[in-house]
Amino acid sequence: MALRFEVLGRFNRARAARLTLPHFVCQTPLFMPVGTQGTIKGLTTEQLEDIGAQIILGNTYHLALRPTSELLDELGGLHKFMNWPRALLTDSGGFQMVSLLHLADITEEGVTFQSPVDGKPMLLTPEESIQIQNRIGADIIMALDDVVKTTTTGPRVEEAMYRTIRWIDRCIEAHKRPTEQNLFGIVQGGLDPVLRDICVKGLVNRNLPGYAIGGLAGGESKDSFWRVVAQCTAALPEEKPRYVMGVGYPLDIVVCSALGADMYDCVYPTRTARFGTALVPEGVLKLKHKAMAEDTRPVDPTCDCMVCKNYTRAYIHCLVTKDAMGSQLLSYHNLYYMMKLSRNLHSSIIEGRFPEFVCNFLQQMFPKGDVPEWVCDAMEVAGIDISSCCTPFSSSQD
């Protein structure tokens, strides 16, 4: 095991921890920006350090295609290749097979898919996924799992869950750098509590360095989403990090942190920036709107980032979707917002003021008190009293 996880503070289920990895000492809860091909579009690694990014996520599938894992290994690993001194996490490549490519088949051997280069069938096995990730050299590597869409029902969900457990043993066997890289297992089981419970127990029995909750943020209802997170965080070990995959909406991160999760990743903050949308305490600010054309205020008057200190909404309005600088500035701001949110979650738990932080966050986002019902239900399970920022009988589901 190549990590140390120390819980520094708690409020009911929420926890703030120190996660020591080979390349960086991180504070949780934390959000990980997604750098698909070894880069966060439009930002330098120096800017990412300035923003406070602790772990960057890389996509195994994309990196294996270009520049190839063999070249990365030859050049000293992805850290050296992209000039990033802090921690890295790589996914297994399985999700890309499902989301980006026409799948030929998923069998016990692995995932067969069409090559994007020449259209020929290619096979990704658990062993090959781990070998590629060993060459890339990230601090945290993910097991290959059998991925099904969140909304899938029936026997396919059960099949995928049991296969995910069988594949974890093949991943463990193939993992040749356990003292330098941490292999996380991924809890699957769709929206079925029984299947989720079986998968959690199966993975915990393998005593892995950390655990991810997979198969969410794919179209399921928010009520289903938080209940799966609550179930898994309650069953996973206290002394290991818990990573909810694909979660990037600030509200979701606050809710999941209240339920005891520690790590998150998503393309949302940077992807929405490229469409001209900024993350602000009230929710989002759409810089493409005509109302922004003469607005001389900063994107977020309460934000200390380089963008908000130096540029107006009107300036960014002129740039968004027309000039690369627009998406770069908004990507910087949005990731700064996410890093600040992570720091505030950590410090509020440590300092014993987590409920106040949650209420303040919700009051800014829902000034009329129309906090979604699913948030109210999740916070009740988390033991956080948010009655002061909710109107009675709120029924919004978004």
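**Salt bridges, a long helix span and a parallel strand trio**The structure holds 23 salt bridges. The model is predicted, and the distances and accessibilities below are computed from it. A few of these ionic contacts are described here, together with the helix and strands around them.

One salt bridge joins the side chains of Glu108 and Arg166, with N and O 2.8 Å apart. Glu108 sits in the loop between β7 (103-106) and β8 (111-114), while Arg166 belongs to helix α7, so the contact ties together parts that are 58 residues apart in sequence. Glu108 is partly exposed, its relative accessible area being 33%. Arg166 also counts as partly exposed, at 38% relative accessibility. This pair is not isolated: Glu108, Asp146, Arg156, Glu159, Arg163 and Arg166 are linked in a network of salt bridges.

A further salt bridge is formed by Asp169 and Arg206, whose closest N and O atoms are 2.8 Å apart. Here Asp169 is in helix α7 and Arg206 is in the loop between α8 (193-204) and β12 (210-213), so this pair ties together parts that are 37 residues apart in sequence. With a relative accessible area of 35%, Asp169 is partly exposed. Arg206 is likewise partly exposed, at 28% relative accessibility.

What is the setting of the salt bridge between Asp295 and Arg313? The N-to-O distance in this pair is 3.3 Å. Asp295 lies in the loop between β16 (283-286) and α12 (306-310), and Arg313 in helix α13 (residues 313-319), so the two tie together parts that are 18 residues apart in sequence. Both Asp295 and Arg313 are buried.

Helix α7, which supplies Arg166 and Asp169, deserves a description of its own. This helix covers residues 155-174, 20 residues in total, and reaches 29 Å from its first C-alpha to its last, close to the 28 Å expected at 1.5 Å a residue. Which residues of α7 are buried? They are Val157, Ala160, Met161, Arg163, Thr164, Ile165, Trp167, Ile168, Cys171 and Ala174. Arg163 thus appears both in this buried set and in the salt-bridge network.

Attention now turns to strand β11 (residues 182-187), which is mostly covered, with 6 of its 6 residues buried. Asn182, Phe184 and Ile186 point one way from the strand, and Leu183, Gly185 and Val187 point the other way. Strand β10 (residues 140-142) runs parallel to β11 and is joined to it by 3 bridges; within this pairing, Ile141 stands opposite Leu183. β11 also pairs with β12 in the parallel sense, over 4 bridges, and Ile186 stands opposite Ala212 of β12. Between β11 and β12 the chain passes through α8, and this β-α-β crossover is right-handed.

Finally, the surface carries a nonpolar patch made by Leu71, Leu75 and Phe81, with about 240 Å² of accessible area together. Leu75 is placed in the loop between α3 (69-74) and α4 (78-82). Is this residue buried, partly exposed or exposed? Leu75 counts as partly exposed because its relative accessibility is 38%.

Methods
Residues numbered from 1 in each chain as written. Predicted model: local features only at pLDDT ≥ 70, side-chain atom pairs only at ≥ 80, totals over all residues. Heavy atoms only, no water. Patch = residues over 30% accessible without salt bridge, like charges linked within 9 Å, V, L, I, M, F, W, Y side chains within 5 Å. Areas by Shrake-Rupley, 256 points an atom, 1.4 Å probe, with all protein chains shown as cover. Salt bridge = Lys/Arg side-chain N within 4 Å of Asp/Glu carboxyl O. Buried < 20%, exposed > 50% of the residue type's maximum accessible area, 1.4 Å probe, protein only. Expected span 1.5 Å × (residues − 1). Pairing = 2+ DSSP bridges. Right-handed = clockwise from strand over helix to strand, strands pointing away.
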